[in-house]
Amino acid sequence: MSKRIVKFRVNGEEVELAVEPHWTLLEALREELDLTGTKEGCSEGVCGSCTVLVDGAPVRACLTLALEVEGREILTVEGLGGPDGLDPLQRAFIERGAVQCGFCTSGMLMAAKGLLLENPNPSQEDIKRALAGNICRCTGYIKIIEAVEEAASLSPTPIHESR
Amino acid sequence: MPEYSYIGKRMPRIDSLAKVTGAAKYTADLKFPRMLVGKVLRSPLPHARILNIDASRALRLPGVKAVVTGKDTYGEKWGVFRYTQDQMFLPLDKVRYFGEEVAAVAATDEDTALEALELIKVDYEELPAVFDPMEAIAPGAPLIHDDFPQNINIHVHIEVGDVEGGFAKSYLVREDTFTAAEESYFQGEPYAVVARFDLDGNLEIWMPNAGPHMKAKPLSNALRIPLHKVHVRKIAIGGAFGGRSEISPADFICALLARKTGRPVKIVYTREENTVCTRQGHSMIATIKTGVDKTGRVLARDVTCYMDGGAYSSTGPIATSVPFLCMEQAYKMDSVRYNGYRIYTNKPIRGMIRVHGRAFACGVDTQLDMIAEELGMDPVEIRLVNAREAGEYTPTRSYVASCAMKETILKAAEKARWKEKWGKLPKWRGIGIGCNSVQTGFPMGIRGGSQAIIKFNEDGGATVISGVVDNGQGNDNMLVQIAAEELGLRPEDIQLVTADTEVTPLDPGAYSQVSTFIGGQAVRLAAQDARKKLFQIAARALEAHPDDLVARDRMIFVKGVPHKGLPIQKVIRMGLSQGISVAGEGSYWPKVDPKREWVQNPYGQMCEAFSFGTTIAEVEVDPETGKVKVLEVVAAQDVGFALNPLVLEGQFQGAVAMGGQGGMLTEYHFWDGGRVMNPTQLEYKVPLAIDMPRIHTIIVESVDPKGPYGAKEAGMSIAMSAAQAYSAAICNAIGVYLKDYPLTPEKILKAIREKEEAGEKTHQ
Amino acid sequence: MRLPRFDYLEPHTLEEALEMRSEAGEKGEVLAGGTDLLVRMKQRLKKPSFLITLKHLRELEGVKMEEGELAIGAKTSLRDVIRSPWVQRYANGLAEALSSVGAYTIQHVRGTIGGNLCQDTRCLYYNQSAFWRSGRAPCHKAGGKICYAREGSDRCRSTNQSDGATALLALDARVTLRSLRGERTIPVSDLFTMKGEAPLDIRSDEILTTIRIPIASQSAASAYERISYRSAIDFPVACAAVLIEAEDKTIRRARIAVGAMGNAPLLMIQAAELLQGKPLEDEGAWKRAARIAMDHASAFAVNNVGATVEWRVSMVEVLVRRALRRACEAARGIGEGP
């Protein structure tokens with residue numbers, strides 16, 4: 001099976017990969033780009049550990065072919081924050097105790113990031129609904145929701161728009 | 001109460017940064033040069049003799065580097081205990097459950113490995129299978145293990161006091177049977193193993209584990225290599241919840257493939273494999289007979305439990321005992337009898353799990369509620385009457401040094417506004433209470449203690465070397481907090497070398513709830529030892545007595561005279577220039593009865609401390625659908641001492657989610673013969689953020705005399721009492737006592753309708 | 001879990017796509033959002049040699065008003081359909097149905113309305129990994145001759161669990177299918193074959209392009225109800241959609257669709273006829289219609305979606321009744337109308 005070239009941007013950097021059609025974006029990120037922060041928890045789109053942002057919107061990397069993101073802007077957990085430090089979400093997750101085993105954390109962060117990019121002032125209901133597709137087995141979600149609330153209150157406007 | 005710098009403080013965990021940046025490496029994230037992909041071929045039959053395995057076509061596929069089968073093993077059976085050795089990691093004789101390992105391949109990439117699996121031809125002779133435990137012990141049932149007649153894997157028998165006499169004296173006796181289907185861990189991280197050998201025959205192996213030393217010894221035995229050549233490495237772990245403690249066939253198989261190919265091998269389980277091919281919880285039938293006096297005090301209790309253990313023993317003796325032990329710790333009882341049967345079936349293997357026996361725990365508490373109703377008491381009252389107190393012995397003769405069970409009951413009841421609500425809630429709203437206790441430790445023989453070593457670095461920092469493992473509950477942070485506190489350093493000055501069997505001393509692991517109590521205590525003692533030696537050096541320089549010195553915030557100074565001090569860094573260098581290298585060593589071994597054994601002698605001091613907890617839940621049931629909306633939960637636990645309230649709150653909340661929200665409302669496995677019909681999170685309904693209620697957490701501190709700073713286990717008890725509270729609240733809301741768990745909408749609606757029909761009948 | 005290998009075809013126009021579709025025939029599948037298809041491929045339920053991606057076909061996106069009907073491009077994302085003010089005004093039941101699909105982070109951005117409408121049927125004895133299904137004969141839907149969900153069944157009993165399909169049936173939607181041979185627009189009810197093995201009448205050279213929803217009279221309202229164990233992620237185990245067209249505070253016409261029962265969403269004609277001419281606030285009529293719908297649905301339900309048949313069937317009555325209440329209240333201008 002011959003590989004095809006796909007060009008896209010990941011965390012602000014231009015990337016060009018030779019991929020086989022059946023490779024998912026998740027596999028390309030983890031195995032070709034060594035960005036292992038995005039996780040495989042179920043491979044069927046249910047658990048949310050593989051959530052990344054494509055053009056600012058949350059998708060399941062495990063159910064997205066690498067070839068499907070040609071020309072798009074991908075944001076993974078490794079792309080959160082900047083040279084000056086952590087994204088308010090990351091800081092809030094740490095300070096609020098929202099991280100236990102950490103396996104769901106990157107997916108949660110990306111789902112929350114997607115929410116805040118669109119809705120910088122979410123209600124608690126908005127947050128619960130935005131995170132409804134991300135499964136955590138350790139925390140019971142309470143501190144994760146509190147962390148997103150705190151991050152939202154600290155950053156009145158989205159940090160960067162990626163479209 | 002002493003003034004601590006870090007102990008008792010809400011401190012963000014040190015491992016959080018790596019996790020929020022994606023830098024933390026879990027087993028599946030590891031990548032080594034020339035690494036091969038391993039895949040396991042599994043049995044598509046629940047019970048069958050293996051006649052022949054032909055891997056020739058697979059071996060000819062380009063990219064396939066090795067295939068292993070039972071023929072590559074030493075043909076030995078393994079077991080957690082000597083008397084439960086029943087499992088070959090790659091069986092030679094027969095397969096006993098759908099999904100059991102039969103062969104494995106290592107190939108250059110995943111597609112090739114998967115293709116190779118399809119080229120391995122296995123000839124089976126299918127055997128009759130049995131899936132129901134009661135059918136499995138009936139005469140004529142197919143025998144799953146030749147050495148275990150009637151398919152009875154474990155029988156735990158405990159008898160204390162005068163049970164029949166107790167019943168005879170009782171004012172009221174009830175017998176009820178409670179049942180629960182099996183549940184599963186669904187850790188965030190699917191199981192994975194990476195293994196590689198070096199040229200000297202040392203094995204390096206990574207996998208999510210609840211005790212690296214518990215993995216190393218059986219690996220050494222199974223591979224027949226010396227223990228010191230097995231290095232189980234530290235890795236970020238995505239949850240355990242009572243699983244991932246003993247060696248797994250995948251560990252062994254991955255090491256075999258690595259040895260055979262001479263290359264690193266990685267095996268990553270699918271979610272389905274993690275559910276079917278590691279461990280699950282036991283399903284259970286619990287018949288509970290309880291006799292009480294007029295005050296509701298339990299005079300005698302007799303419990304018989306049948307547990308579906310699946311195809312192999314795993315930690316059978318422990319899993320069969322723990323539900324009983326939790327009960328006997330939580331409640332007073334002078335006379336009690338327990339018969340616990342763990343039965344083999346041709347189903348996936350069951351093990352210890354955080355909510356140990358829903359049917360048992362919820363059964364005991366539901367029955368207490370039923371008794372209370374008959375006596376005209378309320379559920380809180382009857383629990384206060386029976387609650388364990390400090391200074392008592394459990395029926396199996398463990399002394400309980402610290403216990404604030406009553407305080408947890410009273411505080412939870414107050415926060416939940418029990419008195420305002422009990423019996424006064426509007427129709428379809430209910431409130432319920434659950435109480436439980438968890439042991440801080442199991443009898444572990446020569447692996448029951450932990451040792452820690454602390455070395456100083458020239459720059460004034462320290463490195464803590466400990467076998468304690470972090471599954472996500474915060475154990476790494478706990479060690480740093482303790483070391484920083486005792487050494488007078490800041491948390492950022494502490495480096496950890498942990499959970500690596502090449503370097504770290506023995507430790508019992510996390511699955512018996514002892515990481516803080518034993519592992520943390522060892523680190524504390526090692527730090528105190530190191531500090532003492534530093535003080536000797538500093539005392540001379542400061543012309544003071546070592547006993548008058550204090551270490552705090554990177555300084556050693558005379559108590560009350562902060563300017564008469566020296567930076568720790570300087571003291572270390574002073575020591576070095578005097579030819580004194582300072583290191584500390586400490587170990588902690590709980591004083592338990594060495595003769596106590598799960599089956600042979602289940603009596604004597606089991607561990608040194610027990611945690612106690614109470615959960616109260618308030619729910620609203622939709623009488624048209626049977627669905628439950630959980631309004632509010634109050635979780636109170638006696639943790640001895642809260643080393644880090646921020647971490648504890650997270651543990652309580654997670655426990656409510658797992659034991660209550662999931663464990664009592666939606667989580668169970670259903671079957672098509674030996675096939676789990678819901679192996680993934682789509683159809684196995686773990687709880688979601690959108691369904692979580694308000695949770696109030698109450699930390700109660702009884703300050704245990706043995707625990708470090710008074711701390712005991714804190715991560716498990718609430719999972720059990722939450723299940724009990726949810727169950728009680730639902731029963732209260734609908735006015736029916738339900739006995740089959742979990743309480744799905746179907747069951748709740750059925751009960752509501754049956755009650756209505758019965759009510760209509762009585763009015764006719 | 002690994003996808004099987006396939007050839008990836010990348011048309012840039014609808015014409016190109018139709019050519020590729022025609023050439024690939026039975027060996028090809030259309031890739032829209034992929035959140036249903038790719039899971040089935042990982043499970044080896046589907047093994048297409050060709051995937052024809054719609055990723056460049058922007059012409060298949062968008063919600064338009066055309067000649068008294070809503071014309072929704074089949075490739076419009078669930079999110080965009082839900083947020084469309086026209087959909088919210090004229091087809092609220094559809095917005096509610098699509099909002100309840102899975103979870104925002106799973107399907108709402110990449111998932112499409114066409115994909116949801118054409119979601120293949122499901123059964124817990126079928127929607128499992130290749131390994132799970134090995135060791136015994138394949139079932140009807142997998143090309144075999146046995147049904148594991150209902151013993152002795154000579155045909156497939158898989159269940160349609162599409163929220164969108166149920167709502168669109170109630171809304172009397174039509175769908176346009178195009179191929180190189182031409183174009184056909186059919187009522188959505190004709191899309192369903194009632195055969196679990198191949199539940200949709202979409203020819204192997206066709207692509208669904210447009211979903212058309214007639215805009216009913218002045219006082220029309222629609223509503224959707226569904227039930228599952230959890231409030232997100234889960235497929236519905238019972239669902240109902242209703243459309244109420246009112247005139248002078250009386251029900252002039254009603255449509256009731258029940259889903260997650262049987263191979264296709266069911267149109268409850270008798271239950272709907274009962275409502276004709278009834279005043280909008282006639283609660284008794286809702287109850288009677290709901291009960292008839294439940295009785296009819298009970299013949300179709302099979303125990304293959306993880307909840308008991310008994311419960312799912314009794315939920316049909318509850319869901320139809322609740323949907324009728326909300327739609328009638330909306331039509332009266334009370335409650336959460338559009």
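Author: Domain bounds are taken from an automatic or database domain assignment. Keep that in mind for chain A, and keep in mind too that this is a predicted model.

Reader: Okay, which domains does the assignment give for chain A?

Author: There's domain 1, covering 4–79, and domain 2, covering 88–154. Taken over C-alpha atoms, their centres are 21 Å apart.

Reader: How many residues of each domain are in contact with the other?

Author: On the domain 1 side of chain A it's 17 residues, and they meet 13 residues of domain 2. Putting the two domains together buries about 1,100 Å², with 65% of that from carbon and sulfur atoms. Within domain 1, A:Thr51, A:Leu53 and A:Val77 lose the most area to domain 2, together 37% of what that side buries.

Reader: What about polar contacts and salt bridges between those two domains?

Author: The rule finds zero salt bridges across that interface, while four residue pairs are in polar contact, both partners at pLDDT 80 or more. Strand S3 of chain A, residues 51–54, gives the largest share of the domain 1 side, with three residues. Sort that side by class and you get six nonpolar, eight polar and three charged residues.

Reader: Now let's go from domains to chains. How many residues are in contact between chain B and chain A?

Author: Here 52 residues of chain B touch 42 residues of chain A. The buried area comes to about 3,700 Å², and carbon and sulfur atoms give 56% of it. On the chain B side, B:Val20, B:Ala689 and B:Ile690 lose the most area to chain A, together 17% of what that side buries.

Reader: And how many salt bridges are there between chain B and chain A?

Author: Five. One to look up in the structure is B:Glu649 with A:Lys143, where the side chains sit 2.6 Å apart, N to O. There are also 25 residue pairs in polar contact between the two chains, both at pLDDT 80 or more.

Reader: Which elements of chain B give two or more residues to that side?

Author: Helix H1 (16–20) and helix H17 (645–662) of chain B. H17(B) gives the largest share, eight residues. By class, the chain B side that touches chain A has 24 nonpolar, 16 polar and 12 charged residues.

Reader: Can we zoom in on one residue? Is B:Ile695 buried or exposed?

Author: The cut-off for buried is under 20% relative accessible area. B:Ile695 has 13%, so it counts as buried. This residue belongs to strand S28 of chain B, residues 694–700. Setting aside its neighbours within four places in sequence, B:Ile695 contacts A:Ile142, B:Val633, B:Gln653 and B:Val656. Compare sequence with space as well: B:Glu632 is 63 residues away along the chain, yet the two C-alpha atoms are 6.0 Å apart.

Reader: I'd like to try the backbone next. Which residue has a positive phi although it is not a glycine?

Author: A:Asn11 is one of them, with phi of about 50°. You'll find A:Asn11 in the loop between strand S1 (4–10) and strand S2 (13–19) of chain A. C:Arg44 also has a positive phi, near 65°. That residue lies in the loop between helix H2 (37–42) and strand S3 (50–53) of chain C.

Reader: How exposed is A:Asn11, and how exposed is C:Arg44?

Author: A:Asn11 is partly exposed at 24% relative accessibility, and C:Arg44 is partly exposed with a relative accessible area of 24%.

Reader: Last one: where is there a cis peptide bond?

Author: Go from B:Tyr741 to B:Pro742, where omega is near 5°. B:Pro742 sits in the loop between strand S29 (740–741) and helix H19 (745–762) of chain B.

Conventions. Residues are numbered from 1 along each chain as its sequence is written. Chains are lettered from A and ligands numbered from 1 in the order in which they are written. This is a predicted model: local features need pLDDT of at least 70, side-chain atom pairs count only at pLDDT 80 or more; totals for chains, interfaces and linings use all residues. Side-chain values use heavy atoms; hydrogens and water are left out. Contact means heavy atoms within 4.5 Å. Buried area is the accessible area (1.4 Å probe) that two parts lose on being put together, summed over both. A salt bridge is a side-chain nitrogen of Lys or Arg within 4 Å of a carboxyl oxygen of Asp or Glu. A polar contact is a pair of N or O atoms within 3.5 Å; within protein, one must be able to donate a hydrogen and the other to accept it, and residues adjacent in sequence count only if both atoms are side-chain atoms. Helices (H or I, at least four residues) and strands (E, at least two) are DSSP runs, numbered from the N terminus. Ala, Val, Leu, Ile, Met, Phe, Trp, Tyr, Cys and Pro count as nonpolar, Asp, Glu, Lys and Arg as charged, and the others, Gly among them, as polar. Buried means under 20% relative accessible area, exposed over 50%, partly exposed in between (1.4 Å probe, protein chains only).
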